[in-house]
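I open this notebook to keep track of what I look up, one topic at a time. Each entry below begins with what I wanted to find.

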Amino acid sequence: MAASPLAGFARYRAEWLANPVREILAGMVGTFALIPEVIAFSFAAGVDPEVGLYASFVISVVIAIAGGRPAMISGAAGSVALVAAALVRAHGVQYLLAATLLAGLLQMLAGAARLHLLMRYVSRPVRTGFVNALAILIFSAQLPHMLHVTWHTYAMIALGLAIIYGMPRLFTAIPSPLVCILALTTVATLWPMPVHTVADLGRLPDSLPHLVWPQVPLSLSTLEIILPFAAAMAMVGLLESMMTASVVDDMTETHSSKRTECVGLGLANLAAGLFGGIAGCGMIGQTVGNLRYGGRGRLSTFVAGAFLLLMMVALRPWVARVPVAALVAIMIMVSASTFSWSSLRDLRTHPRGASLVMLATVAVVVATHNLAAGVLVGVLLSGLFFAASVSRLVTVEAHYDAAGDTRTYSVTGQIFFASADLFAEGFDTRDTARHIRIDLRHAHFWDITAVGTLRDIVARMESHGLTVELLGLNSASATLIDRHSDLSVAPQT
């Protein structure tokens, strides 16, 4: 029975107001986790850092209101930036803004068309590989900040990690990453040392975002340019967001509306494009950080975006002095929290196929930095292994009755495109018995390949003068056979 509007409002209100202090502090942790990755992916996309930072503010605020997964942080990062880079290099930022608007519209249409249901075909090993690959990418993204630096940077990172992991043993009212940032910034201010700061990462915003319209011709040629990129950005963004939402579902033992999340993400990207930003998606590292420090509702997601804007504009001089080492320490913690360490132990106990799917997903994502490619490979391998395992369960046993010169073939298992050949190999179409019975009581036919194979077997036997009788097919399979062949099957008794 559908929930009443009043009950829905009460739930929505609870998602905003439950434990607001903890939600606000957790969202602030998410903000600091956003800064380095958004700036890094802005460079990867070939745009100024302010383009990614503005977009992250808009996306977080809109998705907090319109999204379907509370506590999930979304922003301008991930494979979406890698897709956008080619468009920026070829045609410039204005075409990127136009593609962002179109990607948002496509995502809203995908939600309306319920395409989120395709996530049901993503197996748990693929999801585990997705999480592990992201953890590796998050850590590897910190390596440039740890190379060709002085010992001071390593000391600051070590101090930051000591605070992040040690302080919760003594004090938990304030998330330790916030204390890490405050402490390391104070140390670097009081005792100047050769360490990089946020100001060294790129130009930070110095004003509020404002509405813009892409300066591109409104023509068919423009649509031909941006449509392939917009479709790719929409697909990758939806995939990352759906995967991240599923991870949050598992971590919080709650359910979310994937359809609402699709529409909400499209609306958020549409708004980001109108404010001069790049398209974004769910960010698992920042989301894990938010969850780790108590974020469970929409308020933490809203704060992550709103506090980002406050810091980038009102607190810009202070933010510029934050040591990069503090952000690196936070992202190392996020990476370690994101990685599924139990999956390493499971490699010895899980089926080889499942382990191979997980490892292949990790390998492809890490090698290509393309989450969509890794998930696609994982889904394909999962399908192949599943089809192979099911096809091996097909058995055909033959029994001969000399009194009636009748051979009965008893079929057990699932007959579909992957098992049809094995099914056919169980029959001798030149059988020496005059009468053939094919007992299908324990079989199920799934597709036209299976139906076609059965039809061919019967036709070949009859061409050699044999009489063939089909027995006991269940109603669903019988309906499929009646629809796609002229075979007659005796009903199951």
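The entries that follow go from the overall layout to pairs of side chains and then to the surface.

**Entry 1, layout.** I note at the start that this is a predicted model. I looked up how the protein is divided and found domain 1, covering 9-343, and domain 2, covering 394-483. The C-alpha centres of domain 1 and domain 2 lie 56 Å apart. I then turned to the annotation, where an unreviewed UniProt entry gives "domain: STAS" for residues 396-483. Over residues 396-483 I read 35% helix and 39% strand, with the end C-alpha atoms 24 Å apart.

**Entry 2, salt bridges.** How many salt bridges does the structure hold? I found seven salt bridges, and I wrote down several of them in turn. As background, I remind myself that side chains of opposite charge can pair when their charged atoms come close.

One of them joins the side chains of R69 and D249, at 2.6 Å from N to O. This pair links distant parts of the chain, since R69 is in the loop between α3 (49-66) and β1 (74-75) while D249 is in helix α9 (residues 220-252), 180 residues apart. I checked the surroundings of these two residues and found that R69 and D249 are buried.

Another is the salt bridge of D431 with R407, where the closest N and O atoms are 2.8 Å apart. Here D431 sits in the loop between α18 and β5 and R407 in strand β4, so that the pair links distant parts of the chain, 24 residues apart. D431 and R407 are both buried.

I also looked at R437 and E469, a salt bridge whose closest N and O atoms are 3.4 Å apart. The pair links distant parts of the chain, with R437 in strand β5 and E469 in strand β6 (residues 467-473), 32 residues apart. Are R437 and E469 buried or exposed? R437 counts as partly exposed because its relative accessible area is 40%, and E469 is partly exposed too, with a relative accessible area of 35%. I add that salt bridges sharing partners join R69, D249 and K258 into one network.

**Entry 3, aromatic pairs.** My search of the whole structure for aromatic pairs gave six. In one of them, the rings of F339 and W341 have centres 4.6 Å apart and planes at 50°, which means that the pair is tilted. I compared the exposure of these two residues: F339 is buried, with a relative accessible area of 15%, whereas W341 is exposed, with a relative accessible area of 54%.

I then looked at Y409 and F427, a tilted aromatic pair with 4.8 Å from centre to centre and 40° between the planes. Because Y409 lies in strand β4 (residues 406-415) and F427 in the loop between α18 (420-425) and β5 (435-445), the pair ties together parts that are 18 residues apart in sequence. Y409 is buried at a relative accessible area of 2%, and F427 is buried at 9%. Following the ring pairs further, I found that they link Y409, F423, F427 and F445 into a cluster.

**Entry 4, surface.** Which residues make the nonpolar surface patch of about 390 Å²? I found W341, L344, L347 and L359; W341 is the exposed residue from the tilted pair with F339. L344 has its place in helix α15 (residues 342-346), and L344 counts as partly exposed because its relative accessibility is 43%.

Technical notes: Residues are numbered from 1 along each chain as its sequence is written. This is a predicted model: local features need pLDDT of at least 70, side-chain atom pairs count only at pLDDT 80 or more; totals for chains, interfaces and linings use all residues. Side-chain values use heavy atoms; hydrogens and water are left out. Patches are made of residues with over 30% relative accessible area and no salt bridge: like charges are joined within 9 Å, nonpolar side chains (Val, Leu, Ile, Met, Phe, Trp, Tyr) within 5 Å. Accessible areas come from the Shrake-Rupley method with a 1.4 Å probe; for residues, only the protein chains shown count as cover. A salt bridge is a side-chain nitrogen of Lys or Arg within 4 Å of a carboxyl oxygen of Asp or Glu. Helices (H or I, at least four residues) and strands (E, at least two) are DSSP runs, numbered from the N terminus. Buried means under 20% relative accessible area, exposed over 50%, partly exposed in between (1.4 Å probe, protein chains only). Domain bounds come from an automatic or database domain assignment. Rings of Phe, Tyr and Trp (its six-membered ring) pair if their centres lie within 6.5 Å; planes under 30 degrees apart count as stacked, over 60 as edge-to-face and the rest as tilted. UniProt positions are given in the numbering used here, feature names are shortened, and annotations may be inferred rather than shown by experiment.
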